[in-house]
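Dear colleague,

Please find the structure below. A short account of selected helices follows it.

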Amino acid sequence: MAAEECMETDQEIQLHPDTQKRLAEEKKEEGNQLYKLKKYRDALQKYSEAIDLCPQCAAFYGNRSACYLMLGQPKQAMEDAKTATNIDSEFSKGWSRLAKCSVMLGDTVTARQALTRAAGQDVDSELRSIDTLDRYKAEATNAFDSKDHRKALYFIEKCLEIATHCLSLKTWRAECLAFLGRYPEAQEAANGVLGLDNMNADAIYVRGLCLHYEDNIDRAVSHFTQVLRYAPDHIKAKEMYKKSRSLKQKKEEGNTAFKAGQLDEAYRLYSEALQIDQWNRLTNSKLYYNRALVCANQKKWEESIRDCSNALDLDNNYIKAYIRRGKSYMESEQYDDAVRDFETVFKSDKSNREYRSYLQEAKLELRKSKRKDYYKILGVDKNANEEEVKKAYRKRAMVHHPDRHSGATEQEKKDHEQKFKEVGEAYAVLSDDKKRRMYDSGQDMEDGGGHGFHEMDPNSIFQAFFGGGMGGHPGMGGAQHFSFGGGPGGSQGFSFHQFG
């Protein structure tokens, strides 16, 4: 008997419709009181209970829709508002609330349509929001299409002040951040969308975009592949998938050609890779650096410098590019610029001995460059041997000897006298092993390091070299004959007469 009584209490009790309606009204009133106290979750529960008791009452859905809005859940609020208007097409509060939810979700078309049905409701404010949102969207679209991502971002964020829960605007904002190089912010924005919709193709695309621009090409390709699985017609993902694959291939082909010593081919491949995606700052920076290496191997120093500068414009923390540019500056004897680059390199890691060595060498060459360049004066390479130095002196001394320019203007005479003197100084240093080593090490030969060579009469150097008579300086009277000795066997001899 007891078991039968238990079975009867377990059976569902069917309430009379009037009783159900009365209980539903009570639940609604309890919900209203909780709503006034801003206890929205508790109110939501009461409205849900009322709906369970009376599922065809539009007002109950309308009230629960209001709760969802206060809880920041416009998507759920919209569903309840739609249900309310489906039950009662004249339920103006439902239409008004549907419009509000649509605006928050960025759907201005649905919002406008809903407001046309919201008879008796104050719709002016909502209409202004819709108009403003559409205007901001148009501004953002125009800026984005013009590649002005900073301006586009500004208007997208203005849109989000109105359409606070619009996922498409949020992913669009993340995309702009990616194009602006603000990758951590872009990733955070995309992840926020994925937290609400873990299969959102646009958000996954943005994550791939960030990886692409951070030079993580393999992972970028993986993300774009995932997007295309979810949305096979995703145009942007298709485009970026192709760019990522092409960029990786061209770069690898360029590296292979460079390692094989095919410099012209490497230069061409790197140049083609640079045309693939102008927005990929990090990858393009590396491509410019690689091309600078090609130019350096071809001894095209200015081109190498220019490509390093392009690399640094895209990534000003690229230490390898500073080093390569510094070395190219050294090769082209632009020592001030070399010192500046190597100072930047050294400051990045003061414990690095190699960086310190680069800077010391550049400073030494800069100091040496401010002295007379005896190699340039004689017109010889810094590795010139003894015979090359002698040959160069013989040629320059004969060109500038004052006795050859007695008929020149006073200024021309002074110029040749000065050059003749410098040629003698240069020969005195470069023909002496000890002095040359001191000179090459950067010692200032004018402050005593040259052991007084600079006081030597250039005519005496000339006479000692040629072993013949010197004759006088311009202005000395009388006719004199000068014989310039040649090489072994009397070759390359030269003689002239001077008449007073």
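**Findings on three helices and their surroundings**

Helix α8 is followed by Lys147, whose phi is positive, near 65°. Helices here are DSSP runs (H or I, at least four residues), numbered from the N terminus. The model is predicted, so local features need pLDDT of at least 70 and side-chain atom pairs 80 or more, while totals for chains, interfaces and linings use all residues. Residues are numbered from 1 along each chain as its sequence is written, and side-chain values use heavy atoms, leaving out hydrogens and water.

Helix α8 covers residues 124–145; at 1.5 Å a residue (times one less than the number of residues), its 22 residues should span 32 Å, and its end C-alpha atoms are indeed 32 Å apart. Among its buried residues (under 20% relative accessible area, 1.4 Å probe, protein chains only) are Ile130, Leu133, Tyr136 and Phe144. The buried residues of α8 pack against α6, α7, α9, α10 and α14 (contact means heavy atoms within 4.5 Å).

Helix α14 (residues 235–259) also meets α16 (residues 281–297): their axes, lines fitted to C-alpha atoms over the stretch in contact, come within 11 Å and cross at roughly 20°. The two helices are therefore roughly parallel (an angle under 35 degrees). The contact includes Leu247 and Phe258 of α14 and Leu287 and Leu293 of α16.

Helix α4 (residues 58–70) is mostly covered, with 10 of its 13 residues buried. Those buried residues include Phe60, Arg64 and Tyr68, and they pack against α2, α3, α5 and α6. Gly72, whose phi is positive, near 70°, follows α4.

Yours faithfully

Notes:
Axes are lines fitted to C-alpha atoms, for helices over the stretch in contact, and angles run from 0 to 180 degrees between N-to-C directions. Angles under 35 degrees count as roughly parallel, over 145 as roughly antiparallel, 65 to 115 as roughly perpendicular and the rest as oblique. Buried means under 20% relative accessible area, exposed over 50%, partly exposed in between (1.4 Å probe, protein chains only).
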